Amino acid sequence: MSKHDAGRRKFLKGVGIAGAGAAITDHLWTEAEAKEQQAKPNGMSRGGKVVLNVNGEERTVEVEPRTTLLNAMRNHLDPAVTGPKLVCDMGTCGACTVLIDDKPVYSCLVLAVDAANKKITTAEGLGTPEKPNAVQAAFVEHDALMCGFCTPGFVTTISAYLKKNPNPSLAEVKEACKGNFCRCGTYPRVFEAALAAAKGSQA
Amino acid sequence: MPQQAQPSPSPKPKKKIRVPRVVNGVEQMVEIEVDEDSGPGWGPNDKHTLLNKRMTRVDGPLKAAGAARYTYDQRLPGMLYGRILRCPHAHARVTRVDSNAASAIPGVKAIIQAPLKELRYAGAAVAAVAATSPEIAEDALRALKVTYEVLPHVVHAPDAIKPGAPKVIEQENNLQQKAKNGDPQKAEAAFAGADEIVEAEYICARVHHACLETHGMVVDYRGGNEATIYASTQGTFTIPADAAKELGLPQSAVTASVEHMGGGFGSKFGIGIEGMLACRLSKQTKAPVKLMLTRYDEFVMAGNRSGAWQKLKAGVKKDGTIVAMQARQYRLGGIGQGSQAGQPYIYTMGEAYREIYALHTNEDSAIAMRAPGHPQASFAAESLVDELAYKIKMDPVAFRKKNLRDPVYHRQLDRAAQEIGWSRRNPVAGGNPGPLKRGLGCAVGIWGGAGNDQCKVDVTVSGDGAVLVAVGTQDLGTGTRTYMRAIVAEEFGLGVKDVQERIGNSKLGGANPSGGSTTSPSLAPSVKDAAIKTRLLLAQRVASLLGAAKPEEIVFADKKVSAGGRSVTWQEACASLPAAGITGHGVWRSDLSSRGVHGVCFAEVEVDVETGHVKPIKMVHIQDGGLPLNRLTFESQINGGMIQSLGQALWEGRVMDAQLGIQLNPGFGDYKLPGTLEMPEMVPIIDDDDKREAVIGIAEGCNIPSLGALANAVFNATGVRVRELPITPDKILMGLLSNGSLSRTQA
């Protein structure tokens, strides 16, 4: 994702907050603006119903237009979907990666309203602790996780990539998950796991 | 009630030992009394059935499936979302907070002021709000109107010691001497015996822990008599007392819960300012409050690794003996004290004299970070040693051996040198042809890694054969859960899957906070002790079944319980137990852990001398640690240590604007973490020549020598000595320019 996307999202969030006149999130509200906002309880911040198809289940949620898909899943859907993690909230770390119509995206850069009626898959939808998919199983086998906070994002990114390229090189694996950060330092094992998962599903 | 382990009839002889206690991530040595009599040991490191093997993590499947629940994932009915308003000025006083507009926003439930009126860094907490959604909480922050009296500030260390510099803390000088060691006259005189002298300044930028799960907690308090705190913390037991004080409850009424936590690296002890504010918001609203820092908050107010500025001078004889050293060391801890190990670090340098100072700036306080104070000292010492070696044209490995007494380093240097292919190294720095120049470097590290007596572990065996090991400790991602199970399983001749664990709750047995590599050397012996005691209780029960004379003769192996040629299955043995089972209570045994780990790192880099870009090619780190509880996770720790050092060596650094006094890179877009594309080939080596049958912590040790190894490799590649971390391309190009290796027209 480029910086442009992050900026665009910030703009949209701002619009959601206070109308097009005050589009920058860092902008401090004036008292008049606050009163105006208060006077319009049915304005844009009231929100509306959105149908999200998450992990094969159609779920209706009421969100404001500015609410990101990540935020909708974690803080508005009930029960919550918490596999995707909120880490940077600006499209730099990949911990919130989900698949939308099988393509990996940062769910902190997608508005919930834009994800309506699309197929959303999170790490939970790829497999379960009891029935993991090949990538999840390889992550455990190769110790490709430590604190585990980045893990659902990596698993999701790599699962999608292996569908596109079932026989990747090490360099291709590194390239495929360059949008995901890990702080504990699991990268070498993540690469091993991805290559092993690819090999395993080819056998 | 489970049957209790009986205390031994006569008091055991005691001895006094010194052990580390971790307070806010930093070790403090205390004297305690322990039993002289030890009891059964671990046995030889190569004779284990589960330990010292490659065990996959028991919590791996949960984490890989996104099903592990972290503090950040908690969502409780009626929960409010907290946010903190931060000071935009590096030094200011709050004169007025107007919350009228903010409190008028529907969904805003509480607005409180942070306790400090004088704010000494940009990012300090000014106020906090609680609202029904995170979005509304942010609206409230934007609507808060704060009037500040802006005061003069200083954020660059060299400016802070200039005459007339603004005072960071009113009652204190910006510069404070903290320690001096050695004899300055003797050190000065000893330089006369040196053939060569190196004098240089080494600087480490402040770096961030950058835990992926930010600091924060969920305070589940609804105005009643008790509360539960879900905390992202390195210390379950560092939470209840302070939270209780904020909530006005007795400590026993507050439970801390830490199911999983997303990284700490030394930064997460106690409730912190964010926890204090969360408790106050919850107390005021009588509703659960979740307050997790934003990523921006995390950068500006959640601490960082102390910066370092070290002025060193050392003299060496032509035979490689270092005869004298002088050091003036500044700890750059912002408004805090900072940390830095004393020079000449682990080397013997003849007559050595050092002065250590804390130098304050208007920045968020430095706090403990993986091996507090050591990477900084190691980088400077290892750079200095390397400079001395080149000066007398001596091989840097041979030079280190000459000035290091501990034979463990000698063996580790040889082993790692072989792995990286040290013999390929061009001894002439920058001597390889072409614009892409490769180089090799090495460095050495040390850590304590001892345990203490804070863990109280229960192992319970039930009549149906179920085994549970329970203690309130926390698993930071180091694999605590897994080795707890394995220790118990091994004692009973079972598999890892036959044991369940319960951790991360302050209502369970006590445990030390995870800092300073003290967790496994404290916890593993306590688990072992509990397992041994429980095994004996069980043996007493089944002795008659097997016709054994003594419970000690009973063998537990391969899911069977046997003695004198007779054998029953584990299930049959347990069937004789009361329904509630039996429980053994384990405490720490000093003989099951030890102190002192050694690590050596070698690095190979490729530097593009036209762009200054450094590409790490290969890193090797060999680490000892007594008994490796789990080889798989031990290696992962080594990798993690190398990778975090790689970031600090080449890319990471907090950048401050001197005029505005603010951080310019408070996000992952501008603060460069190591990513997948930069990963070199990594070779973690467990030093199996360490035969100590004892558990020692290793997490810090693997995070120390890589800085020096990488910096020295860059020098070997280019002939440019970059003495300031991170080693960014501009510094290499400037070095090439001043070396004359690069002309101005080229640049």
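This is a short dialogue on how to read a predicted model, with chain B in the main role.

Student: Where do I start with chain B? Which helices and strands should I expect, and how many?

Tutor: Remember that this is a predicted model. A simple count comes first: chain B has 17 helices and 29 strands.

Student: How do I judge the overall form of chain B, and what is its radius of gyration?

Tutor: The idea is to set the value beside what a compact globule of that length would give. For 747 residues that would be near 27 Å, and chain B comes to 28 Å, so the two agree. Along the principal axes, its C-alpha atoms fill a box of roughly 90 × 75 × 45 Å.

Student: What share of the residues of chain B is buried?

Tutor: Burial is judged by counting neighbours: a residue is buried if 20 or more other C-beta atoms lie within 10 Å of its own. By that test, 60% of the 747 residues in chain B are buried. You can also ask how far apart in sequence the contacting residues are. Among contacts in chain B with a separation of 6 or more, 79% join residues 24 or more positions apart.

Student: Which domains does chain B have?

Tutor: The domain assignment lists domain 1 (14-69 + 451-592), domain 2 (74-151 + 215-292) and domain 3 (307-449 + 594-739). Each is written as two stretches of sequence, so to speak, joined by a plus sign. The centres of domain 2 and domain 3 of chain B, over C-alpha atoms, are 38 Å apart. Their contact involves 10 residues of domain 2 and 13 residues of domain 3. On the domain 2 side there are four nonpolar, five polar and one charged residues.

Student: How do I read a sheet, and what is the order of the seven strands in the open one?

Tutor: Read across from one edge to the other. In chain B the order is S5-S7-S3-S14-S11-S12-S13, with mixed pairing. Strand S5 (108-113) and strand S13 (254-257) of chain B are the edges, each pairing on one side only. Neighbouring strands are turned by 20 degrees on average, direction ignored.

Student: Which way do S11 and S14 of chain B run, parallel or antiparallel?

Tutor: Strand S11 (residues 216-220) and strand S14 (residues 289-292) of chain B pair in the antiparallel sense, over four bridges. There, Met217(B) stands opposite Leu291(B) in S14(B).

Student: How many residues of chain A are in contact with chain B?

Tutor: Count each side separately: 58 residues of chain A meet 54 residues of chain B. Several helices of chain A supply at least two residues each, including helix H6 (151-164) and helix H8 (187-202). By class, the chain A side has 29 nonpolar, 17 polar and 12 charged residues.

Note on methods:
Residues numbered from 1 in each chain as written. Chains lettered and ligands numbered in written order. Predicted model: local features only at pLDDT ≥ 70, side-chain atom pairs only at ≥ 80, totals over all residues. Contact = placed C-beta atoms within 7 Å. Nonpolar A, V, L, I, M, F, W, Y, C, P; charged D, E, K, R; others polar. Pairing = 2+ DSSP bridges. Axes fitted to C-alpha atoms, helices over the stretch in contact; angles between N-to-C directions. Domains from an automatic or database assignment. Rg over C-alpha atoms; globule rule 2.2 N^0.38 Å. Buried ≥ 20, exposed ≤ 12 C-beta atoms within 10 Å, placed from the backbone.
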